[in-house]
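Here are some notes for a colleague who has the model open, taken one topic at a time.

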Amino acid sequence: MHATHCGLDSLDVSHIPEQIGGLSRRDFLKFCTGIAATLGLSSTSALQIAEAATNEQRPPVIWLHGQECTGCSESLLRANHPTLESLILDIISLDYHETLSVAAGHQVEAVKKESMEKNKGKYVLVVEGAIPMKDGGVYCKIGNKTIHDHVVEAAEGAAAIIAMGSCASWGGVQSTPPNPTGSVGVPEVLKGKTVVTIPGCPPNPYNILATVLHLLTFKRPPELDELGRPKFAYGRLIHENCERRPHFDAGRFAIEFGDAGHRAGYCLYKLGCKGPETYANCPVARFGDVGSASWPVATGHPCIGCTEKHIVFEKPIHALAKVKSLEPPTAYPRIAEERGNGISPAAAGLVGLAAGAVIGAGAMVAAKVGDQPEEKSKE
Amino acid sequence: MSAHADHAAPVGGRILTVPFLILGMFALIAAYFLILRFIFGLEAAANINNGYPWGIWVTMDVVVGTAFGCGGFVMAFLVYILNKGKYHPLIRPAVMAGLFGYTLGGMAVFFDLGRYWQMYNVFLPWYMHFNSVMLEVALCVATYVVVLWIEFTPVFLEKIGFNNLKQKLEKVLFFFIGLGVLLPVMHQSSLGTMMLGAGYKLHPLWNTVLLPLLFLSSAIIMGYSIVIFESIFAAAGLKRPQETHILAPLSNILWWLLLFFLAVRIVDLLWRGVLPNLDWQGFWFLVELALFVIPLAFLSKNHQTARVLFLSGFCLLLAGTLYRINVYLIGFTAGTSGWNYFPSVPEILVTIGVFSFEIMLYLIFVKKLPVLASPQH
Amino acid sequence: MNRRDFLKTAIASAGTVALPTAQARDPKQMPEKAVGMLYDSTLCIGCKACVAACKSANNMPPANDAPDLKKWNNANTWDTPLDISGYTLNVIKVYKEHDNASNKDQDYAFMKRHCLHCVDPSCVSVCPVSAMRKDTTTGVVTYNPDACIGCRYCVLGCPFSVPQFQYDTPFPRIQKCQFCEHLQKQGKLPACVDVCPTGASLFGDAKQLLEEAKRRLAKKSGETYVFPRGKLGSEERPPHEAQVPQYQQHVYGEKEAGGTQVIYLSGVPFQKLGLPTNLPDYSYAVVTESIQHTLYKGMIAPLALLGGLVYFAKRNADKHDEEDKS
């Protein structure tokens, strides 16, 4: 698809550089259009996004790591439109990231401090990983300071806060009972502050890209639900957009891995697919750039519900999902449905007439016949 | 039948009178809707549904219609079994009423049956299900229709002058008379048993294991009532002398039967501790009860006038009809909630047409055949 | 009324026709190898896969029942059954306490409607032409259109209002769930059970299913339990673990109307699921058949009555003949 087909042809794009990172202007505009579509915005917004992304003043980003596996960063590393380097070199200014920074130790901590002071009120804070709270938060320390204190400190001057991944969003695998380190998500630590959560294990990289670009473009986070999740990505159940849904409706299920139904692409509900209770845009946005139309369910694995707090690490993979789209239930016949034709005025009238005619005829005859006791027999 | 029948004679007169043509019109309307029913299915003419599978066709045409036809067997019992010869003039019209009631009841069954083309299955031994109340009703009614036609055959033979054959038939008629009393006793009671199969769907006011007894006794009451009603109605309508002298003693029998019926009905209700509520069913129960009780008061006098007799008979016919409607329709509630039923206009017109047709047949028969006792006698 | 009262009354009514004893018809027992189904409403997710599978397994057309959908469903592209009907053998219905009900098995619950395959079926008892039959081995209640005359007594007599007649065709028939007898004969599961993702519809030996139901009731709510899927006792389908819900402590169908081979478990009172809860623990067939057997046992009473009637009719006829001659 060409950018010119997306409503951009009428717009002046000359101020967008011809080459951005590894992308041509055309490819860059296509990327921005894609992001606009992910956000559910019109194609004209793509230009705004492109303008925001090419702004000389690249927004600084502070990326903190708590209790995590760096899987979220890894998934972002594998996004290829744009590639990570074009993202961090041309779109944002990644001032602090423990995995990606070339510098280390006191040097990098100093860069972080400097950036936070210089860009106070302007930088974006991204937190990856959960925050342990037990025993004063000693279970995760960086530079002799607990991650809890790092997060609170960085949040002070942040223009926006993004919790990246399930751990940062609600505690993730660390918070699974018995939760030995008392780990929680960022919203729990920064109560009262707006935290955009991008749950997922790992989350879809395009969901965070879209969120970041939304912040850059409109200077406010996208519309969020009550858990802080952007609605464009987490507004619907996997079940609602799943390509295997018709099989569910028709009662065609894979019963075991590798059986005939599984090979035929039937619904994975019986294998424990959590799609019916998991909110995410995986069936629409797909996942992980490994090829077209690919996401876990498409490859034949049931959804494990990685975005949902009480599902992914608490419910066994084979356990059946609660089908949420049916709550509260609609489109079912009720126990008592009105059926059959009741009384109609015409029918009621007719019955009245007939009864009246019978009684009338009876009365007429009664009036006619004699009232004398026992007539004389003719015999 | 016996020698007394000789006194009967055709009434004579024109067939195509105005009332006859009006009745004919109703019959034609019914025929039209029945054609629709056979082309498009029952829904095209009737409101019956899976909540209320039996509508007024079953209730009125079959259950009430055959009860109207009970005059034949109750009079046969009185005249031929109990040997009360004085009632003999009433027997032929009574048997004829039975003939029409049952024949048309059978016809109504035909157009109410969903798979009428397999109706003969009830006569195939390998399909018969002997525990079914309905099989008993079906076989009894079918046999009784044949018996009624045999009982009535002497009238035809008399008309065409085959007196020799008539005498031969009358020699063996006693067997059919016996059978003709037994069969209605069997199926009229079973029409009551039939609704016990509905279980909880039948309202407690009518839901009793005594239903067969109540149906049988109310059928006998209706049988005597129709004889009284028909006699007085015919006398008034055809301008013939009243037969009050034989109807009055008949009404005494009726009074005792009525007392028996009401006693059973009320004792049963009291024993089961069921009282009518202030609702739709309760209302119709009270109307039904009133219609039974009023004639009981009327008939308690010793010397009845034709008018009182007529009104009592009329009242009891309404009472018996309402009792049957109550059991089959008003007291019946669909097992799953949400169902509605009230007869549709075509459905009612078909029932009106069936009864009109019955009266038309009556008029033709009494005018052309020796049915009514001759007034000259 | 209990059976004892009923018998008393039956004897009383028998007395009125001068018969010595009432012939009570004993309630029928479940066949040894009766098959059954356990429908656990709390496991049902309302996916309606069973409704779709039932239609295709039994070659049933889509039903266009819902009045508010009729206008744009003229082509019958959507199957919108309101209930079982002449064109639907199985349907999932919902009970909702109020419009915003959202707590499953508390203020809303699913209900699966189809034949319960009574132990002592009324429809079999009332059918004059043996169109309804109960298999002596499996206990499945089947329908034979070749026998049926369309009297709809089964529709009236079924305490669960299951047999459904077709009123909109000149050549109608009764339709009812026959437990996918044709599939069972091929060793397959009934279609609705086959597709049920949660085991809400569980097939198996009727007696074992009753034990299974009672095992579930014996568990405390919140405990984990391994719910079998497909056929009870068969390893073919993997079971699944879930928490035991808050059950109503009653197995519907254990005793109702003399027992049914399809039994129900629910989290909400059964009445709210539209199941009649005022049923006696014997079949209505016991009532009608006892009356019939009392009156017509061996046709002795009717024949005796006939003999008497014919005797008097003959005697009186002879008398009249003599009078006429003299």
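How many residues of chain C are in contact with chain A, and how many of chain A with chain C?

1. In this predicted model, 33 residues of chain C are in contact with 25 residues of chain A. On the chain C side, at least two residues each are supplied by helix H2 (49-57), strand S2 (91-96), strand S3 (108-113) and strand S10 (240-243) of chain C, and the largest share, six residues, comes from S2(C). The residues of chain C that touch chain A divide by class into 20 nonpolar, six polar and seven charged.

2. Turning to chains B and C, 56 residues of chain B are in contact with 57 residues of chain C. Helices H1 (18-40), H3 (71-81), H5 (133-160), H6 (163-196) and H7 of chain B each give two or more residues to the side that touches chain C, with H6(B) providing the largest share, ten residues. On this side of chain B, 35 residues are nonpolar, 18 are polar and three are charged.

3. As for the interior, the largest nonpolar core has 330 residues, and those with the most contacts inside this core are Ile162(A), Val186(A) and Met75(B). The element that gives the most to the core is helix H7 (residues 211-237) of chain B, with 18 residues.

4. One of these core residues can be followed further: when its neighbours within four places in sequence are left aside, Ile162(A) is in contact with Val124(A), Val126(A), Val196(A) and Ile198(A), as well as with Ile208(A) and Thr211(A).

Terms used:
Residues numbered from 1 in each chain as written. Chains lettered and ligands numbered in written order. Predicted model: local features only at pLDDT ≥ 70, side-chain atom pairs only at ≥ 80, totals over all residues. Core = buried A, V, L, I, M, F, W, Y, C linked by C-beta atoms within 7 Å. Buried ≥ 20, exposed ≤ 12 C-beta atoms within 10 Å, placed from the backbone. Helix = DSSP H or I, 4+ residues; strand = E, 2+ residues; numbered from the N terminus. Contact = placed C-beta atoms within 7 Å. Nonpolar A, V, L, I, M, F, W, Y, C, P; charged D, E, K, R; others polar.
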